[in-house]
Amino acid sequence: ERKYIMEKEVKLVITWVDKQFNLGWFGTLTRYGTAEYIGPASAFEDMKSKLNVMEGVSYDFEEVT
């Protein structure tokens, strides 16, 4: 009998600076873009290293229940 180990599913939420508007006296208005992906944790290992070197990009993982 073969047993399969279920890998944890995680949600990856990526946020990046989409546009910045200089409003003079009022400062800067920043518009952010967001994308979400759900999949096994191991699928995102390679993506994490690429995201770590990008400027203006942040990401977060949360376990999917």
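Here is a friendly conversation about ring pairs, salt bridges and contacts in this predicted model.

Visitor: Let's begin with the rings. How many aromatic pairs does a search of the whole structure find?
Guide: Glad you started there. One of the pairs joins Phe-44 and Phe-61, and another joins Tyr-59 and Phe-61. The count for the whole structure is two.

Visitor: Is the pair of Phe-44 and Phe-61 stacked, edge-to-face or tilted?
Guide: The ring centres are 5.8 Å apart, and a pair needs centres within 6.5 Å. Stacked rings have planes under 30 degrees apart and edge-to-face rings over 60. With 50° between the planes, the pair of Phe-44 and Phe-61 is tilted.

Visitor: How many residues apart are the two partners along the chain?
Guide: Phe-44 sits in the loop between β2 (28-40) and α1 (45-52). Phe-61 belongs to strand β3, residues 57-63. The pair therefore links distant parts of the chain, and the separation is 17 residues.

Visitor: Does Phe-44 count as buried or exposed?
Guide: The cut-off for buried is under 20% relative accessible area. Phe-44 has 6% relative accessibility, so the label is buried.

Visitor: And what is the geometry of the pair between Tyr-59 and Phe-61?
Guide: Here the ring centres are 5.7 Å apart. Both partners are partly exposed, Tyr-59 with a relative accessible area of 25% and Phe-61 with 27%. The planes stand at 85°, so this pair is edge-to-face.

Visitor: Which residues do the ring pairs link into a cluster?
Guide: Phe-61 pairs with Phe-44, and Phe-61 also pairs with Tyr-59. The cluster is therefore made of Phe-44, Tyr-59 and Phe-61.

Visitor: Which charged residue lies over the face of Phe-61?
Guide: The charge is 5.3 Å from the ring centre, where the cut-off is 6 Å. The residue in question is partly exposed, at 25% relative accessibility. Its name is Lys-48.

Visitor: What is the N to O distance in the salt bridge of Lys-48 with Glu-45?
Guide: These two residues are three apart in helix α1, which means about one helical turn lies between them. Glu-45 is partly exposed, with a relative accessible area of 46%. Their side chains meet at an N to O distance of 3.4 Å.

Visitor: How many salt bridges are there by this rule?
Guide: The bridge of Glu-45 with Lys-48 is one of them, and the set also includes Lys-11 with Glu-36 and Arg-31 with Asp-18. The full count is six.

Visitor: Which strands does the salt bridge of Lys-11 and Glu-36 link?
Guide: The closest N and O atoms of this bridge are 3.8 Å apart. The partners are 25 residues apart and lie in distant parts of the chain. Lys-11 is in β1 (residues 9-22) and Glu-36 is in strand β2, so the strands are β1 and β2.

Visitor: How far apart are the closest N and O atoms of Arg-31 and Asp-18?
Guide: Arg-31 in strand β2 and Asp-18 in strand β1 are 13 residues apart. Both count as partly exposed, Arg-31 at 40% and Asp-18 at 39%. Their closest N and O atoms are separated by 3.1 Å.

Visitor: Leaving aside neighbours within four places in sequence, which residues is Lys-19 in contact with?
Guide: Lys-19 has its place in strand β1 and is partly exposed, with a relative accessible area of 42%. Its C-alpha atom is 8.8 Å from that of Gly-33, 14 residues apart along the chain. The contacts of Lys-19 are Leu-29, Thr-30 and Arg-31.

Key. Residues numbered from 1 in each chain as written. Predicted model: local features only at pLDDT ≥ 70, side-chain atom pairs only at ≥ 80, totals over all residues. Heavy atoms only, no water. Phe/Tyr/Trp six-rings, centres within 6.5 Å; stacked < 30°, edge-to-face > 60°. Helix = DSSP H or I, 4+ residues; strand = E, 2+ residues; numbered from the N terminus. Buried < 20%, exposed > 50% of the residue type's maximum accessible area, 1.4 Å probe, protein only. Lys NZ or Arg CZ within 6 Å of the ring centre and 35° of its normal. Salt bridge = Lys/Arg side-chain N within 4 Å of Asp/Glu carboxyl O. Contact = heavy atoms within 4.5 Å.
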